[in-house]
Amino acid sequence: MKISIMGLGYVGAVSAGCLAEEGHEVIGVDPQQAKVDLINAGKTPIIEKDIGEMIARNVASGRLRATADVLEAVRHTDLSLVCVGTPSLGNGHIDLKFVRRVCEQIGEGLRDHPGHTVVIRSTMLPGTMRGVVIPALEKSSGLKAGQDFGLCINPEFLREGTAVYDYFHPPKTVIGQLDTASGDVLQKLYGHLPGPMIRTDYETAEMVKYADNTWHALKVSFANEIGNICKGLGLDSHKLMDIFCQDTKLNLSPYYLKPGFAFGGSCLPKDVRALSYKAKLLDVNVPIINAILPSNQEQIERGIRAVIEKGNKKVGVLGFSFKAGTDDLRESPMVELVERLIGKGYDLRVYDSNVRMASIHGANRDYILNHIPHISRLMVDSMQEVLDHAGTIVIGNGSAEFREAPRLLGPSQSIVDLVRIAETRSVEGVYDGICW
């Protein structure tokens with residue numbers, strides 16, 4: 001392909017060198033003449049392993065050159081990758097002036113070069129493609145995105161120091177597309193690379209990079225806080241985390257990474273509290289660990305608000321234990337939700353096939369009789385009794401029998417789903433997913 005790269009900073013220079021190495025004809029574009037001159041002299045504008053030799057080799061072969069003229073680059077290429085910076089403003093928002101300006105310039109070039117495909121690689125918050133990029137391109141070109149020219153967002157996952165390796169071995173390739181034809185262009189460009197190829201909508205593709213980087217930042221800070229506690233205890237934190245990382249079933253895995261309701265049970269709340277307390281005794285500040293339980297409580301508050309906002313005083317709860325397949329009610333967030341609603345005067349019915357007074361015994365029976373006897377009186381023997389009673393149905397755990405609930409709703413009933421029992425998204429007045 002004939003490709004122009006808008007912005008010759010870190011991402012742009014690496015992308016230009018790697019694409020030229022793959023045999024594409026590449027024009028790098030940057031307003032700073034010094035960067036343009038470096039590329040044209042076969043030199044790299046950044047410090048990064050392998051990229052200097054790659055740029056020198058491809059400039060010498062004629063596959064790579066640079067210019068400061070956006071219009072010239074657009075008119076001589078079929079695909080433009082926008083790699084300009086989106087630096088932070090003082091209030092934490094991102095500065096989009098470089099994105100907006102280059103889109104206006106690309107749009108001018110599109111006027112006499114329709115059929116071009118524009119790909120945004122810059123990191124941008126969800127809504128930027130539709131709110132900034134498309135209006136700037138369409139206004140300056142007089143053309144329609146997805147009709148007269150292609151448009152995608154393609155977030156990059158390059159780490160400084162290993163960027164060339166990461167380009168050729170991406171963990172995933174994400175294409176946010178307006179139309180299938182635009183996505184097909186990038187599929188052709190990246191189809192030979194390893195890793196999953198994911199084609200999705202603009203907003204999801206925009207959000208992926210932020211979820212990734214926030215998770216990476218959280219992992220670093222979590223490991224540091226555990227390390228600080230270990231040092232206070234005289235333990236080797238690296239030895240400990242080596243053991244931690246050997247668990248790829250729960251610790252380093254998709255487990256616990258599905259958005260939903262608050263956690264509960266006999267282990268997580270108790271152990272987080274204990275570790276937080278131990279850190280306090282050691283005089284070690286652990287703001288992330290200390291924030292876990294308040295964050296969990298906020299998700300309970302969110303669930304309660306979702307029920308209250310439905311405006312129906314008759315509420316049914318399907319799933320009462322802290323997770324499906326257990327009768328354990330200890331620190332179940334559903335217990336708090338039910339108690340709070342009772343306190344506000346709601347008329348409730350509760351059903352959970354695993355929590356029945358006739359069948360449970362031991363600690364859980366004692367807990368019901370001694371700690372929540374008022375709730376035991378609200379428990380019924382079937383899902384149908386809940387559906388017959390309630391205007392608002394709350395799905396409290398992922399028991400398989402509750403999957404039928406959305407199909408059984410009457411015309412005046414609605415669901416608040418705390419676990420995503422169905423794959424549907426929230427539908428006003430019918431189905432409300434707590435965070436989807």
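This tour visits three helix pairs, one pocket and two cavities in a predicted model.

**First stop: helices α1 and α3**

Begin by selecting α1, residues 10-21, together with helix α3, residues 51-61. The axes of α1 and α3 come within 9 Å and cross at roughly 55 degrees. Angles of 65 to 115 degrees would count as roughly perpendicular and angles under 35 degrees as roughly parallel; α1 and α3 are therefore oblique to each other. Their crossing is left-handed.

Next, display the side chains at the contact. On α1, select Ala-13, Val-14, Gly-17, Cys-18, Ala-20 and Glu-21. Their partners on α3 are Ile-51, Met-54, Ile-55, Arg-57 and Asn-58. Coloured by class, this contact of α1 with α3 shows 7 nonpolar, 2 polar and 2 charged residues.

**Second stop: the second largest pocket**

Keep α1 on the screen and add α5, residues 97-110. The second largest pocket encloses about 570 Å³ of space. To centre the view, select Met-6, Gly-7, Cys-83, Val-84 and Gly-85, which are the closest to the centre of this pocket among its 28 lining residues. Helices α1 and α5 are the elements that give two or more residues to the lining. The largest share comes from α5, with 4 residues. By class, the lining of this pocket comprises 13 nonpolar, 8 polar and 7 charged residues.

**Third stop: the largest cavity**

Now turn from the pocket to the cavities. The structure holds 2 cavities of 30 Å³ or more, and the largest has a volume of about 110 Å³. Select Arg-121, Tyr-167, Pro-170, Lys-172 and Thr-173, which lie nearest the centre of the largest cavity. In total, 13 residues line this cavity. Its lining divides into 7 nonpolar, 2 polar and 4 charged residues.

**Fourth stop: helices α9 and α10**

Select helix α9, residues 202-233, and helix α10, residues 237-245. The axes of α9 and α10 come within 9 Å and cross at roughly 130 degrees. That angle makes α9 oblique to α10, since only angles over 145 degrees count as roughly antiparallel. The crossing of α9 and α10 is right-handed.

For the contact itself, show Phe-222, Ala-223, Ile-226, Gly-227 and Cys-230 on α9. Opposite them, show Ser-237, Leu-240, Met-241 and Phe-244 on α10. The contact of α9 with α10 consists of 7 nonpolar and 2 polar residues, with no charged residue.

**Fifth stop: helices α12 and α13**

Move on to helix α12, residues 287-308, and helix α13, residues 333-343. Here the axes come within 10 Å and cross at roughly 45 degrees, and α12 and α13 are therefore oblique to each other. The crossing of α12 and α13 is right-handed.

On α12, display Gln-297, Ile-300, Glu-301, Gly-303, Ile-304, Val-307 and Ile-308. On α13, add Pro-333, Glu-336, Leu-337, Arg-340 and Leu-341 to complete the contact. Its residues fall into 7 nonpolar, 2 polar and 3 charged.

**Last stop: the second largest cavity**

Finish by selecting Val-350, Tyr-351, Asp-352, Val-355, Met-379 and Val-380, which line the second largest cavity. The volume of this cavity is about 30 Å³. Its lining has 5 nonpolar residues, no polar residue and 1 charged residue.

Conventions. Residues numbered from 1 in each chain as written. Predicted model: local features only at pLDDT ≥ 70, side-chain atom pairs only at ≥ 80, totals over all residues. Heavy atoms only, no water. Axes fitted to C-alpha atoms, helices over the stretch in contact; angles between N-to-C directions. Left-handed = near helix turned anticlockwise from the far one by under 90°. Contact = heavy atoms within 4.5 Å. Nonpolar A, V, L, I, M, F, W, Y, C, P; charged D, E, K, R; others polar. 1 Å grid on protein atoms, 1.4 Å probe; cavity = no way out; pocket = protein on both sides within 12 Å on 5 of 7 lines; lining within 4 Å. Points joined across faces, edges and corners; volume = space filled by probe spheres on them.
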